[in-house]
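Thanks for passing this one along. Here are my notes on the pockets, the ligand site and the enclosed spaces, in the order I would go through them.

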Amino acid sequence: MHERIDEATFVQSMAQTLMRELASGAAVSSIPPITDAARDAHHASQNSVTTPFPEAATGWAETDAAIHRLLSQLTFAYPISAPTHLHAPAAPLAGYRRDFPILQRHVHGKPLIWFDNAATSQKPQAVIDAISNFYTHHNANIHRGNHHLSQQASAMFDAVRDRVATFIQAPSAANIVFVRGTTEGINFIANTFGECQIHAGDEVLVSQLEHHSNILPWQKLCQQKNAILRVIPIDQQGDILLEDYQALLSKKTKLVAISHVSNVIGTLLPVQEMIALAHHQGAYVVLDGAQSIPHLPINVTALDCDFFVFSGHKMYGPTGVGVVYGKQHLLESLPPWQVGGGMIQHVTFTESRYAQSPQRFEAGTASIADVIGLGAAIDYLQSIGMATIQHAEQQLMAYAVAQLEQVPKLRLIAAPRHRIGALPFIIEGVTLEDLARHLDQAGIALRIGHHCAQPALAFFNQQRVARASFGLYNTPAEIDQLTRVLLRCNYSDGYSGK
Ligand code: PMP
């Protein structure tokens, strides 16, 4: 059993070590070694979940605040700003937290803090209820039955197509194809539109920032077609180099496939401008909206993209459903992808006629309940307002950046002009595994890894990073807790060279 030390002793010993280093004129490029007492205190805090020291967790909050104060006095040694300058923004959406039942739960005895929103978001009760209500009262297959339940289910399903169109400001429901998610949506476009439009010698442009789901379908297509995949470069900030992009565009460019928001760097790409430039050269544009749809108001008509793709599960809806928006004349020109039930007009053994778009692209039984759940997610988001969400999240991101910048040895990866949703970082001297373990023990769900964007990370000389990603329910208090835990693991395992 560890003996619990007094936090004041820990802070005092740390202050003394820091001051000694500074007085000796040593370059304080590294944080001084932690004392045994401090390490004991750290173990005590770790054991607080299962040992007789439950009070350690709250005690450490004060310790961390003291470390913070101490560090703020040492700004000449560390490039940090005093935490007293950081005013936590208001949390105008905090009231919505109660709509998400999972946020009530504890993990390892601590309230869950969900910072893995870029991987998937949590679901409000309204979405859970919509799915449950469908199975409880309306379950039937759609578009194929004359009986009451089938007609009800069909009407509910079709109504969501209208709601999606309104949500992204598409001209009509005819522009909306339901798929399983972004990955399936991009594969669908590559296998239909790409198959028809890309020929030997043509060029397809993707950006350095893309998720693998917006690289691999195009890479495979280009290999099959003897076409060329080119990469739109970024700068050290993680922003698109617009002039280089413009220089890459030529009459050979048939397609530009880009994220609206990068899932690992968080860059908001200048898509409006990029789309206009692509169109000027006669190229089509596919926008991967997986990471913009939960954070921004989307207007596909104003953007003028040719396709826009997103997943339901990243916008507080269920897994198993996603959307491809396509311009109507393009969708109408496409051959079917998967063939089977539900997408035909007439079938014989010698010849078959297919249904019009969008049914033509929805072979087989759709994930009906998930589509209904997606409709509920849209209603939920609209009841808050996407502009309101965008504004609140912008404040939260600015606060998160400012707070994390204060953690010694923490390095934020890139610094794009507009960072949305995702904040990647590493702490020098602390392994990602240790980091993840500390955070998990503190109830903080945050992902480490390559985030399915290996080329983007390789650009920043990283293979794997930690990524905090935010949603509408996250609060400045949660960011504070993240900062505290990062400070704590920085001052513990970081020095042991683990
Ligand atoms: N593109 C981006 C930018 C993403 O963030 C993701 C999911 N991480 C995807 C595509 C793939 O989405 P899904 O797994 O829902 O198909």
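1. Helix α13, spanning residues 386-404, is the biggest contributor to the lining of the largest pocket, supplying six residues. Please keep in mind as you read on that this is a predicted model.

2. The volume of that largest pocket comes to about 300 Å³. Its lining is made up of 20 residues, and those closest to the pocket centre are Met 397, Arg 417, His 418, Arg 419 and Ile 420.

3. What is the chemical character of this lining? The largest pocket is lined by eleven nonpolar, five polar and four charged residues. Two domains take part: domain 2 (94-115 + 386-489) and domain 3 (125-383) each provide at least three residues to the lining of the largest pocket.

4. Now to the ligand. Which residues are around it? The list runs Thr 182, Thr 183, His 211, Ser 213, Asn 263, Asp 288, Ala 290, Gln 291, Ser 311, His 313 and Lys 314. Sorted by class, this shell holds eight polar residues, two charged ones and one nonpolar one.

5. Three side chains deserve a look for their polar atoms. In Asp 288, a side-chain N or O atom sits 2.5 Å from a nitrogen atom of the ligand. The side chain of Gln 291 has an N or O atom 2.6 Å from a ligand oxygen atom, and for Ser 311 a polar side-chain atom is 2.7 Å from an oxygen atom of the ligand. On its own the ligand would expose 400 Å², and the protein buries 85% of that area.

6. If you are checking for internal voids, how many cavities of 30 Å³ or more does a search of the whole structure find? The search turns up five. The second largest of these cavities holds about 90 Å³ of space. It is lined by 14 residues, with Ala 91, Pro 92, Ala 392, Leu 396 and Asn 474 the closest to its centre.

7. Helix α13 comes up again here: four residues of the second largest cavity's lining belong to α13, which is the largest share. By class, the lining of this cavity has ten nonpolar residues, three polar and one charged. So that you can set the two sites side by side, recall that α13 also gives the most to the lining of the largest pocket, where the residues divide into eleven nonpolar, five polar and four charged.

Technical notes. Residues numbered from 1 in each chain as written. Predicted model: local features only at pLDDT ≥ 70, side-chain atom pairs only at ≥ 80, totals over all residues. Heavy atoms only, no water. 1 Å grid on protein atoms, 1.4 Å probe; cavity = no way out; pocket = protein on both sides within 12 Å on 5 of 7 lines; lining within 4 Å. Points joined across faces, edges and corners; volume = space filled by probe spheres on them. Nonpolar A, V, L, I, M, F, W, Y, C, P; charged D, E, K, R; others polar. Domains from an automatic or database assignment. Near = heavy atom within 4 Å. Polar contact = N/O pair within 3.5 Å; in protein donor to acceptor, adjacent residues only side chain to side chain. Areas by Shrake-Rupley, 256 points an atom, 1.4 Å probe, with all protein chains shown as cover.
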